[in-house]
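Please read the following report alongside the sequence and the model. It deals with a metal site, with helix packing and with local backbone features.

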Amino acid sequence: MEAMRFYLPGCALLGLAGVLALAPPARAQARPNLLLITLDTVRADHLGIYGDRAARTPHLDALARQGVWFEYAFTTVPLTLPSHAAILTGTYPFDNGVRSQPGFRLEDRLPTLATILDRAGYATGAVLGSSILDRRFGLARGFQAYDDQISGAVAEEYEGLPASKRSAAEVVRRGWAWLEAERRHSPARPFFLWLHFYDAHLPYLPHRGAGGSFPATYDGEIAYMDACLGRLFADLQRAGLYDNTAIFVVADHGEGLGDHGESTHGFFIYDSTIRVPLIVKAPGAGPQGIRGAGPAQPNDELASTVDIAPTALRLLDLPVPAEMQGTPRLAAVLGRGRDADTPAYAETFFPLLSMGWNPLRALISGPSGRLMKYIEAPRPELYDLSRDPRETRDLAAAQQARANSMLAALDDFVRARAPRAAPDSRMPVDAATARLFSSLGYAGAVRGGTPVFVTNLPDPKDRVHEEEAILTALRTYEAHDYPRALRQLRAILASDPRQPMALDALGTIQFAEHDLNAARATYRALIAAAPYDSTAYAELAHTEALLGHRAEAERLYRKNFALDPSNGRALRELGLLLIEDGKLAEAKGDLERALALQPGDPFALNGLGQIQAQQGDFAAAAQSLEQAVAADASQLPPRLNLGFVYLRLNQPQKTAQLMEQTLRRAPRAPQAYAELAVARLELGDRAAAAAAVRRALALDPQNSLARQAQAALQRQP
Ligand SMILES: [Zn+2]
């Protein structure tokens, strides 16, 4: 992705202070508003308020001084989906079941901030910065608006490219538009708005605007987000909404940036990826802080991201449901003493699921000034976070008694909070996760008659170089050196031929290079090594379809959907295959079910429109195709299909308009000229029709619609 050197529009250009600023100030309303801001991939120690003197984060720093910032806040999992599931439900991953990604989804049984506030009469809206949190992963429940339709994301799904991301300016603009519409509609109704910012996640882009220019670096992206948030906070103030809004800012996880040999996140649970910024401004607090002058020091209570939901509910004066496991940090947030001491817990199953290595979990506990962290691994680790924040001195061997007591505390902690666990299990899991782990032969691991967390699988810290080598190979490929990337991956697979992440990376680049037979063999090996990985089936299915092995592709898409019943894309691909096989009724059913799972999917809508047109229902076809064009204006097939359907509906004026618009986007589309020619002919403009025919046949001499138009022109001189 190295050639991406364009400038995105800055916040300053977007005119955020719109209608809302002119609306009457918010009247006294029953409850305060809630604004939840999640900053993807932002380490605590890269914000000014957390001591980074080089950081350009004045707005977040100012927000912290108006409220509170937690010096020691920890996420539960250093991965986007499980971390957000814990934030929204206030529960630990071993309880909510979202242990990792992909392959996990939040089930419907737990209340979330959104479901509770929706029921309490709030307007609830969310804007996502990346398709990694799209609705099929289960976080959309309770949101009246869940803005996850990120253009291009669907197209990229099977190409193995990173999911597309929205800029901070775009997230803020969409959030503000939702808020304006809400306030116009019901000005006194309290709101809950969740904004997810993905900018600090790779790949980095440069930005200009928002009062500065920002380089394409990790810190540049953080500074850019801060600038956009500054605009948002200013607009909230102008609209009279700021003071009565509780604002939470938290990161879902940090970024390795080379610490402990880890460049990104998910693999380890050192503080570089689990210690996150957590800033809270209570309702009632304004620019001068809640007591007229904000705090000068961070709060040193030990906090977890599971504390966010219960704290928010208490601030809004709503009851905290029994299912929530976090500790309300009300005293800290209101500056009234100390809250209950609770250890912080973190885990990662990424090493197990992606690499086949032992997972990791950790407990952090102790009084401020003597915070200890124990990491359970084949070789456990113990750190004194107060004296050694970079975790450079492992004390596990030197302080064995303390290490043992922290291991016992870690066991007790999990057991006490996982009521559905089997009584003899040291790794309690929900049913779905249990099935997944038993398919790995993992949950059955037994030592001395008791299932154990630590098995004889490799210790991730002994193999981190392998994971980094795979990432290096992917970067080599992104820099367009395919042969070298292949050599790098083959070297890893030579020593570990069933390494899932290496197989996945190899298949991805073979597929992208159109080496379909090689990709097919690699994906088959991946499925043999990781039969629980539903996306592997989708990748193989797509490859088989392109190779013309349609029956096999259909079988694999069905398997993909069976493993992941929330996956509308598998159904959509299946439906599109069935159209080509002429099985229209079956295809229609699959596409309709796909659209129920992911409303607005332009590819499914286009397929549905095709079927409706083939069945002669042109009015319904026009409706589906209009929705497809609205969902993703850049796709050519729905436009061409729609233009054709308008002709069948005797609306040549609409066809002509649509094709002229389409040709401005895609000036070398012969079919668009052909449809334009027919439309012009029907409208009686023979000269324009003849010109369009010439353009169509110049681009594609065989175009049958253009030839028909040409024949018609010659027939009626
Ligand atoms: Zn993330």
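What spacing do the donors of the zinc ion follow along the chain? They follow D-x39-T-x171-D-H, where donors are N, O and S atoms within 2.8 Å of the metal (3.2 Å for Na, K and Ca), and because water is not among the atoms, sites may look incomplete. This is a predicted model in which local features need pLDDT of at least 70 and side-chain atom pairs count only at pLDDT 80 or more, whereas totals for chains, interfaces and linings use all residues. Residues are numbered from 1 along each chain as its sequence is written, and side-chain values use heavy atoms, with hydrogens and water left out.

The protein donors of the zinc ion are Asp40 (OD), Thr80 (OG1), Asp252 (OD) and His253 (NE2), which lie 2.0 to 2.1 Å from the ion. The 4 donor atoms subtend angles of 102 to 119° around the zinc ion, so the arrangement is tetrahedral, a term applied to four donors if all angles lie between 85 and 135 degrees. Asp40 is in the loop between strand 1 (33-39) and helix 2 (58-66), and Thr80 is in helix 3 (residues 80-89), so this pair ties together parts that are 40 residues apart in sequence. Helices (H or I, at least four residues) and strands (E, at least two) are DSSP runs, numbered from the N terminus.

Two packed helices are described by the angle between their axes and the distance between the axes. Axes are lines fitted to C-alpha atoms, for helices over the stretch in contact, and angles run from 0 to 180 degrees between N-to-C directions.

| Helix pair | Axis angle | Axis distance |
|---|---|---|
| Helix 7 and helix 8 | about 20° | 9 Å |
| Helix 2 and helix 8 | roughly 55° | within 7 Å |

Helix 2 is therefore oblique to helix 8, whereas helix 7 and helix 8 are roughly parallel to each other; angles under 35 degrees count as roughly parallel, over 145 as roughly antiparallel, 65 to 115 as roughly perpendicular and the rest as oblique. In the contact of helix 2 with helix 8 (heavy atoms within 4.5 Å), Pro58, His59, Leu60 and Leu63 of helix 2 meet Asp226, Ala227, Leu229, Gly230 and Phe233 of helix 8.

Two backbone features lie in loops. A cis peptide bond with omega of about -5° joins Leu202 and Pro203, and Pro203 lies in the loop between strand 5 (191-197) and strand 6 (207-209). Asp317, a residue other than glycine, has a positive phi near 65°, and Asp317 is placed in the loop between helix 10 (308-315) and helix 11 (330-334).

Terms used:
Four donors count as tetrahedral if all angles lie between 85 and 135 degrees; four count as square planar and six as octahedral if opposite donors are over 155 degrees apart and all others between 65 and 115; anything else is irregular.
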